[in-house]
Amino acid sequence: MGYEIQEEKVFNSGHAACPGCSEALALRFILNTLGKDAIAVVPPSCIAIISGPQPLSSMSIPVYQTTLEASAASAAGIKRALISKGNNHTNVVAIAGDGGTYDIGFQALSAAAERNEDIIYVCLDNEGYMNTGTQKSSATPSMAFTTSTPAGKLSPKKNVPEIMVAHNIPYMATATTGYPDDLVRKVKKAMEIKGGLRFINVLTPCLAGWGVPDSAGPKTSRLAVQSGIYPLYEVENGETYTLNYGPNGLSVADYVATQKRYRHLSPEDVELLQAEVNHDWEKLQKKFK
Amino acid sequence: MSGTVKRVPSIWTTGSTDILNTGTWRSAIAVHEKRPAPCYGACPVDGEIPIWVQQVRNEEFNAAWLTLVENNPIPAAIGRTCHRPCEGACNRTEYDGAVSINALEQYVGDMAIREGWAFPAPAQESQKMVAVIGGGPAGLSCAYQLRRKGIQVTIFDANPELGGVLRYGVPEYRLPKKMVAAEIERITDLGVKVVAGRKLTGEDLGELEKNFSAIFVAFGAHDAKRLPLFTKSDSRVLDGIDFLRSIRLDAPLKIGRKIVVIGGGSVAMDVAGSALRLGQQAQILALEGRAVMPAPEDEIEDVIEEGALLHDGAMVKAVEDLSGSLLLHCINVELDQNVSPGVIRPIEIAGTEFTLEADTVVLAIGQDPELADWEDRIQVSKGMAVVDADYKTSRAGVFAAGDVANIERFVSTAVGDGKRAAYSIARYLGHQDAVEEGFADSVKEVSFKDINTFYFPTQKPVERGKVDVDIRKAGFAEIRLGLTDEQALDQARRCFSCGSCIECDNCAIFCPDMAILKDADSPLYYKVLDQYCKGCGCCLEECPRGAMGVKEETK
Ligand SMILES: Cc1cc2nc3c(=O)[nH]c(=O)nc-3n(C[C@H](O)[C@H](O)[C@H](O)COP(=O)(O)OP(=O)(O)OC[C@H]3O[C@@H](n4cnc5c(N)ncnc54)[C@H](O)[C@@H]3O)c2cc1C
Ligand SMILES: Cc1ncc(C[n+]2csc(CCOP(=O)(O)OP(=O)(O)O)c2C)c(N)n1
Ligand code: SF4
Ligand SMILES: [Mg+2]
């Protein structure tokens with residue numbers, strides 16, 4: 001009984017993530033699955049903070065801290081340099097936040113995907129610029145409170161997973177920390193599929209930013225999946241869709257009830273959100289075999 | 001240039017964050033902790049239900065049985081007769097129905113009989129001797145626990161064979177005699193001396209005290225209560241326990257065609273079921289409404305299916321002798337709610353009078369212990385032997401438990417009392433280490449909200465099947481079908497294992513700080529690294545079964 005997860009210790013204790021942080025948990029599964037033969041590229045974000053105060057590092061692999069715009073370009077450059085030196089084995093992985101992915105680093109990511117660079121790109125999506133004090137990003141969902149959307153965000157979340165699929169990259173997957181075995185399997189699969197850009201969007205609830213207790217990261221992540229807000233699925237070569245975990249009868253109301261960022265919603269607002277989720281899910285569902 | 005200058009960046013990674021002490025951030029730390037499950041809390045024998053059910057799940061059947069018999073030496077019998085407070089308390093009730101604990105207990109108990117599993121012999125023998133008066137569930141349980149501690153035991157019983165109500169009361173169709181016999185033999189095989197067919201009186205006490213260091217009084221309650229409306233000498237009026245006993249002795253007392261059973265408990269249902277099997281018609285007159293009758297609902301349902309007519313919430317007011325049969329003048333009643341607990345005051349509902357004709361009336365309205373000749377030797381109050389929390393009577397060296405000393409008349413209660421009395425007797429005899437393991441008061445029982453239901457897919461409970469009603473009525477063969485292997489494993493898998501770690505590793509897996517490690521030396525399997533734990537509580541939340549607690553820290 002329980003999860004069977006093999007880990008190679010890369011991610012270390014003593015890091016500076018908040019208690020219960022889902023980004024730290026995601027980093028644990030991602031880095032410990034990638035193993036030691038990897039180089040990470042990290043832009044400004046909570047991930048950068050978690051990676052360690054110089055001269056200490058929480059990651060027992062080389063980490064390059066790049067600019068917020070340039071994660072995909074930096075990773076592609078490192079990978080090309082390795083190949084030109086005859087190293088075809090080391091995985092280069094960019095691990096960036098949603099602000100660094102959906103907004104500021106987006107053109108570099110799209111360009112790298114268009115060139116089909118041989119890198120793994122992981123977005124740790126906590127639905128906002130959390131490191132700088134919970135501002136909205138284009139990954140922030142409809143109606144959610146952030147310090148820059150005090151009355152709730154007016155536009156829906158940008159669908160970057162589907163945008164990445166539209167680049168016809170070899171592998172795109174959504175994952176989250178409440179399903180660690182699924183996340184680990186997707187990282188492994190990304191490692192096995194070589195020779196192109198592999199993108200994984202990992203939903204990582206931000207405890208302070210979303211207003212949930214320190215202990216509730218994995219639970220909140222599962223609620224997102226179970227209520228249909230964040231289905232876990234994967235797509236190969238831009239066309240083969242597989243659903244891993246979809247909605248299981250929980251509603252948007254169940255999801256928003258536990259988060260302070262949705263505290264201002266009226267029952268009518270929740271209904272609107274539910275309609276949006278239903279619509280997205282119906283659209284996505286058609287794509288599965 | 002002479003030599004190369006090695007250029008090192010001004011900031012260079014020199015080591016890992018694991019030298020940092022993030023443990024200083026927290027104000028509370030999660031601890032692995034075995035906590036009591038509600039089934040355990042409700043179990044009259046203090047059965048370690050989550051443990052043995054887990055052993056069943058792992059298909060470690062002999063181990064499961066050994067865990068069971070720590071507290072209860074007769075699981076095949078209890079697995080058929082218990083009133084199952086465990087299932088009422090089970091955390092799974094709120095989710096998709098209680099785990100079928102009692103059926104599982106029968107499953108393991110029956111397997112032990114089939115496989116011929118024996119109790120391990122006592123590690124050492126003691127010269128101390130204890131007399132047990134009465135070989136029913138209480139006496140057997142006490143004798144067994146004393147023998148396990150090496151103490152010498154002699155059971156005296158009035159009946160030709162041991163078992164008490166299990167052998168001479170509960171009918172064959174609910175509890176086959178061969179199961180009772182096998183479980184009793186296993187106990188006596190531990191070296192219990194048996195003196196059967198000897199009814200002891202208060203007079204014998206002095207003699208016993210000369211030969212034994214302690215005496216355990218467990219002769220149950222066998223003096224049937226009577227209603228003043230019925231004359232004692234009338235051969236048309238029987239006591240339920242006498243009738244049932246006569247069937248068990250293969251010499252059934254004569255009854256007429258039309259039977260009216262008065263009573264609403266197990267005894268009444270057993271009388272009705274037995275009369276039906278003897279080919280007669282049975283009607284039951286119970287004071288309480290069906291929902292609050294003392295008999296468990298499934299026993300009521302069984303006899304009604306088999307053809308008994310139930311008049312619940314009614315009582316007999318007068319009896320008319322029709323020379324031949326008796327005519328019972330009855331009336332529906334409501335029970336007065338404004339009375340102190342234990343008191344029953346019926347209020348007649350005018351205009352609801354009815355009559356029942358009976359060739360035989362069987363009274364099943366309770367039994368009192370036969371204590372007349374004991375009253376000047378041990379203190380008796382409200383018709384029962386008075387005991388303290390250690391089952392000591394007013395007389396030094398004399399202990400009592402079971403129906404003789406407890407108003408709660410259940411088989412499992414008698415077994416639990418018998419066990420705890422044995423520990424008390426052992427301590428009295430100088431075995432100071434005879435103390436049962438339990439939980440500290442500070443450790444909280446696991447409630448449903450402590451269970452992380454994500455880890456438990458819903459799955460409906462499965463109960464034992466029942467033999468077709470026509471076959472049931474035709475004889476005294478057992479009516480409930482035990483669980484199949486597959487059903488038993490399915491039920492065992494449903495158990496949350498509330499409060500008992502099964503090493504699923506969730507606590508370690510969900511720690512963002514890698515502050516929980518497997519620890520082979522710990523009885524709780526894991527250790528929490530003080531240096532790193534930030535006190536987030538993810539482990540506690542993700543533990544599926546509430547096997548962790550919190551320790552507040554003040555720095
Ligand atoms: C017909 C019937 C059905 C029942 N069904 C259920 C049920 O389904 N579930 C449930 O939980 N409970 C049931 N009960 C109640 C339950 O059986 C009792 O609470 C339980 O048996 C009490 O155990 P005990 O050891 O105290 O007494 P008993 O089982 O009564 O055993 C007492 C023993 O002492 C012996 N004895 C009596 N007097 C003397 C003496 N003077 N000298 C020597 N030996 C003596 C008797 O022969 C007997 O063997 C039922 C009771 C009856 C009568
Ligand atoms: C071009 C640029 N703009 C702004 C910043 C300031 N900045 C540093 S971290 C950060 C937040 C990044 O948010 P996200 O990528 O979602 O990561 P998170 O902190 O949520 O993990 C910002 C805006 C920057 N470093 N560079
Ligand atoms: S789920 Fe298992 S451990 Fe929990 S109360 Fe029910 S039987 Fe006992
Ligand atoms: Mg972010």
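**Ligands 1 and 3 in a predicted model**

Visitor: What makes a residue part of the surroundings of ligand 1 in this predicted model?

Guide: A residue counts if one of its heavy atoms lies within 4 Å of the molecule. Around ligand 1 there are 35 residues, and the closest are B:Thr81, B:Asp157, B:Arg174, B:His222 and B:Asp403.

Visitor: Why is the pair between B:His222 and ligand 1 called a polar contact?

Guide: A polar contact is a pair of N or O atoms within 3.5 Å. An N or O atom in the side chain of B:His222 is 2.7 Å from an oxygen atom of ligand 1, so the pair meets that cut-off. The protein also covers 96% of the 990 Å² of accessible area that ligand 1 has on its own.

Visitor: How do you know that the backbone takes part in polar contacts with ligand 1 as well?

Guide: A polar backbone atom of B:Val165 is 3.0 Å from an oxygen atom of ligand 1, and a backbone N or O atom of B:Pro137 lies 3.2 Å from an oxygen atom of ligand 1. Both pairs therefore count, given the limit of 3.5 Å.

Visitor: Which helix gives the most to the shell around ligand 1?

Guide: That is α12(B), with three residues. Elements of chain B that each supply at least two residues include α7 (137-148) and β4 (152-157).

Visitor: How many residues of each class form the shell around ligand 3?

Guide: The shell has 10 nonpolar, two polar and no charged residues. Cys and Pro count as nonpolar, so B:Cys39 and B:Pro50, both among the residues surrounding ligand 3, belong to the nonpolar class.

Definitions and conventions. Residues are numbered from 1 along each chain as its sequence is written. Chains are lettered from A and ligands numbered from 1 in the order in which they are written. This is a predicted model: local features need pLDDT of at least 70, side-chain atom pairs count only at pLDDT 80 or more; totals for chains, interfaces and linings use all residues. Side-chain values use heavy atoms; hydrogens and water are left out. A polar contact is a pair of N or O atoms within 3.5 Å; within protein, one must be able to donate a hydrogen and the other to accept it, and residues adjacent in sequence count only if both atoms are side-chain atoms. Accessible areas come from the Shrake-Rupley method with a 1.4 Å probe; for residues, only the protein chains shown count as cover. Helices (H or I, at least four residues) and strands (E, at least two) are DSSP runs, numbered from the N terminus.
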